[in-house]
Structure formats: structure tokens, C-alpha cells
Amino acid sequence: MKVKSGEFARRAPQLARDCRLFFLCGPDEGGASAAADKLIAALPDAGERIEFSGSEVKSDPVRIADEAVSSSLFGGSRHLYLRVTGDEAKDALELMLDQEEGAAPVVIVARSATDKSRTAKLIEKRADGVVTMFYPPDLRSLAGEVRQMADAAGLRLPTALAERIAGAVRLDARLARSEVEKLALYLVASPQSPKSVDEADYDAVCAASEDDGFNPLVTAVLSGKTDRLAHELERYRQTGMNAVGVLLAFERRVAQLAQLASRLGPRQSIPAFIEAESQARRVFWKDKAELTDQLSRWRGPALDRLVGRMMELHQQLLARSQDGDVLLAQALTQIARHAARGR
């Protein structure tokens with residue numbers, strides 16, 4: 001069956017009881033991963049977690065299918081967690097579908113796949129299968145999720161602070177959960193002993209400042225600031241940033257641009273559109289200037305090519321991780337030069 005992403009959190013407990021195959025896909029990998037964690041937590045007997053990468057799934061599908069019916073090392077239950085790209089799980093899944101009813105639950109998080117992919121089509125018609133596609137959230141919806149996370153952790157979180165956290169993590173649900181967990185630990189909060197949170201508390205525990213993060217590099221590249229690119233790439237090398245982590249930051253911003261572009265009218269003013277999105281709390285106010293500039297550079301076919309280039313680069317980094325820094329620097333330089341000509 002197909003389940004809409006907006007309904008997934010509410011239905012997760014029932015789905016965890018009734019189903020055993022879960023395909024969570026779409027451009028919002030953070031949302032899909034957070035949903036997978038919620039789903040696994042709701043399994044009646046999750047047991048031992050057996051995790052596989054996309055390359056492992058693709059290279060040995062028989063082993064993955066065998067693991068689904070094997071006993072846990074300690075004799076208890078187990079579940080499989082597959083983190084793949086595109087249709088890498090298709091062959092393994094076809095073998096899994098032939099297994100008996102007692103097979104372990106299988107959760108597949110598939111970035112760069114859609115609910116129209118071949119793997120999704122294998123699952124969606126099954127009564128024990130679930131397919132859900134996750135799109136990047138807007139500021140308001142993620143802020144609402146942050147407040148729900150805070151409530152569950154025993155934190156009384158103001159709406160303004162929830163929006164600040166959602167904006168600070170660039171609309172990544174996984175990072176937002178990490179920030180909430182740090183706050184709960186810092187304040188020694190729990191559902192049995194709830195605590196109120198203010199801005200000073202978050203200042204004390206929040207992630208590294210923006211100047212130490214990915215955003216300056218993202219801005220330099222997508223806004224075509226080629227005069228800043230060399231400095232930002234050098235900072236990337238000196239601070240030891242992870243290439244895949246940097247790429248994920250780019251992918252979140254590109255997905256946000258694609259989402260905004262889909263709502264932008266053909267003759268609509270971009271500054272006015274972004275201002276309206278900010279007023280509706282779908283755009284973080286600190287990002288207005290950057291998004292206005294980047295949306296003017298990346299529209300139509302250029303944006304489509306950029307989305308494809310992000311997917312291609314992600315696959316290259318996974319396949320050639322030893323060359324990740326070089327591949328990333330080359331690709332970002334090309335993108336920045338194109339952005340510089342794109343306005």
C-alpha cells in the first residue's frame with residue numbers, strides 16, 4: 001500500500017504491527033530516515049538490527065534475502081535496515097518476497113528513488129508492504145515536528161524556538177531530533193520531569209555556528225560567488241568536513257529550490273514570492289536573501305540539470321569515497337561557474 005508522508009507518523013504504530021516490508025523514499029532523506037527510526041521503535045519486537053549499505057545489497061542480494069529468515073545471533077528476533085540509492089534493493093527484494101510469513105521486517109531507506117521506482121512497485125500492491133515518499137518539509141511543518149519531538153522528550157518548547165531549530169538544521173529532521181535530544185540531556189528533562197526551554201538554553205547546546213558549518217560553501221557555490229569559492233574550499237579541507245555530509249547540505253538546498261520553483265508562477269516576482277513564503281513560515285527569514293538570489297539563477301532546465309547532477313555526484317562519492325574530496329571540489333567549481341553565468 002501507499003501511505004502519504006503526512007499520515008506516516010500517525011499510522012506508524014499500526015503499520016509496524018501489520019506489515020513487514022517498508023520502502024521509504026524521496027528527496028528528503030532526513031525525513032525518510034527519521035520515519036524509519038520511528039517505525040522501528042514501534043515494531044512489536046524489533047530485536048537485533050542488521051544493517052546493510054546499498055553496495056552490499058546490490059552485490060549479494062541472496063545473502064540479504066537469507067538474512068531476512070535467519071535467526072538472531074542470540075536466538076531472538078531481528079529486523080533488517082537497508083540504506084540504498086535508487087533501485088539497488090530490487091533484486092534482493094524479489095527474493096525476499098518469496099520467503100515465508102515469518103521473515104523479519106525489512107526497512108528500506110532509498111534516496112534518489114521515488115514511489116514510481118521498480119522497487120516501490122514490487123511492494124505497493126502487497127498487504128504487508130508500505131511505500132511512502134518523503135518531500136523536504138517547509139519551515140512551519142518541521143517546526144511542528146520539532147515541538148512534537150520536544151513534547152515526547154519532556155521539553156516545553158516555544159514556537160519561535162522550534163522554528164529557530166528547524167532553520168538552524170536546514171530543515172533536516174534527523175539533525176533537529178539531535179538538537180532536541182541535546183536539550184533534554186542538558187536540562188535533565190523527561191516526560192516525568194518536564195522542563196521549559198528558552199533561547200539561552202539552546203545557545204548553550206546548539207550545533208556549531210553557521211560560520212563553522214556548511215552554509216557558507218553552499219551559498220558560495222549556488223549563488224555563483226566564485227571569488228569566495230577558493231576560500232570556502234580551503235576551509236572545507238582545513239576543518240575536515242565530510243564530503244557526503246557537505247553534499248547532503250547541498251541536496252537539501254537544491255530540493256528546497258525545486259520545491260519553491262514548482263510553486264512560483266511564470267510571471268511572479270521572485271522577491272515578492274519569497275517574502276510571501278517567509279510570511280507563511282515556509283521559508284526561514286534568514287534565508288530570504290539567499291533563496292531569492294539562488295532561485296533567480298536556478299530555474300527550469302538549469303534546475304532540472306542541477307538536481308540530476310546532485311544525484312550523479314552522490315553516487316560517485318559512494319562508489320569512489322577515496323576520491324571524495326577531489327570529486328566534490330571539481331563538481332562544486334563547475335556548478336559555481338554555471339551559477340555565476342545564470343542570472
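The points below go through the predicted model of the protein chain, from its overall dimensions to single residues.

1. Overall form. The secondary structure of the protein chain comprises 17 helices and seven strands. Its radius of gyration is 21 Å, close to the 20 Å that the globule rule gives for 343 residues, so the chain is as compact as a globular protein of that length. Taken along the principal axes, the box filled by the C-alpha atoms is roughly 60 × 50 × 45 Å.

2. Burial, contacts and surface. Of the 343 residues in the protein chain, 51% are buried, and the accessible surface comes to about 16,400 Å², with carbon and sulfur atoms accounting for 51% of that surface. When contacts are restricted to residues at least 6 apart in sequence, 76% of them join residues at least 24 apart.

3. Charge. The protein chain carries 48 positive and 49 negative side chains, and a distance of 6 Å separates the centres of these two sets.

4. Strand 5. This strand spans residues 129-133, and because five of its five residues are buried, strand 5 is largely enclosed by the rest of the structure. Its two faces are both covered, with Gly-129, Val-131 and Met-133 buried on one side and Val-130 and Thr-132 buried on the other. Strand 5 pairs with strand 1 (residues 21-25) in the parallel sense over five bridges, and within strand 5 it is Gly-129 that stands opposite Leu-21.

5. Strand 4. Here six of the six residues, 106-111, are buried, so strand 4 too is largely enclosed by the rest of the structure. Val-106, Ile-108 and Ala-110 point one way from the strand, while Val-107, Val-109 and Arg-111 point the other way, and a reader checking side chains may note that Arg-111 is buried along with the others.

6. Partners of strand 4. Strand 1 runs parallel to strand 4 and is joined to it by five bridges, whereas strand 3 (residues 78-85), also parallel to strand 4, is joined to it by six. Ile-108 in strand 4 stands opposite Phe-23, and Ile-108 is likewise the bridge partner of Leu-82.

7. Ala-243. This residue lies in helix 13 (residues 243-263) and has a relative accessible area of 10%, so it falls under the 20% limit and is buried. Apart from neighbours within four places in sequence, Ala-243 is in contact with Tyr-236, Leu-317, Gly-324, Asp-325 and Leu-328. The C-alpha atom of Ala-243 is separated by 8.6 Å from that of Ser-321, although the two residues are 78 apart along the chain.

8. Ser-278. Helix 14 (residues 270-279) contains Ser-278, which counts as buried at 12% relative accessibility. Leaving aside neighbours within four places in sequence, the contacts of Ser-278 are Val-283, Trp-285 and Lys-288.

9. Val-188. A backbone check should take in this residue, which has a positive phi of about 55 degrees although it is not a glycine. Val-188 sits in the loop between helix 9 (173-187) and strand 7 (195-196). With a relative accessible area of 61%, it passes the limit of over 50% and therefore counts as exposed, whereas Ala-243 is buried.

Methods: Residues are numbered from 1 along each chain as its sequence is written. This is a predicted model: local features need pLDDT of at least 70, side-chain atom pairs count only at pLDDT 80 or more; totals for chains, interfaces and linings use all residues. Side-chain values use heavy atoms; hydrogens and water are left out. Helices (H or I, at least four residues) and strands (E, at least two) are DSSP runs, numbered from the N terminus. The radius of gyration is taken over C-alpha atoms; the globule rule is 2.2 Å times the number of residues to the power 0.38. Buried means under 20% relative accessible area, exposed over 50%, partly exposed in between (1.4 Å probe, protein chains only). Contact means heavy atoms within 4.5 Å. Accessible areas come from the Shrake-Rupley method with a 1.4 Å probe; for residues, only the protein chains shown count as cover. Lys and Arg count as positive and Asp and Glu as negative; His and the chain ends are not counted. The place of a charge is taken as NZ of Lys, CZ of Arg, CG of Asp or CD of Glu. Two strands pair if DSSP finds at least two bridges between them.
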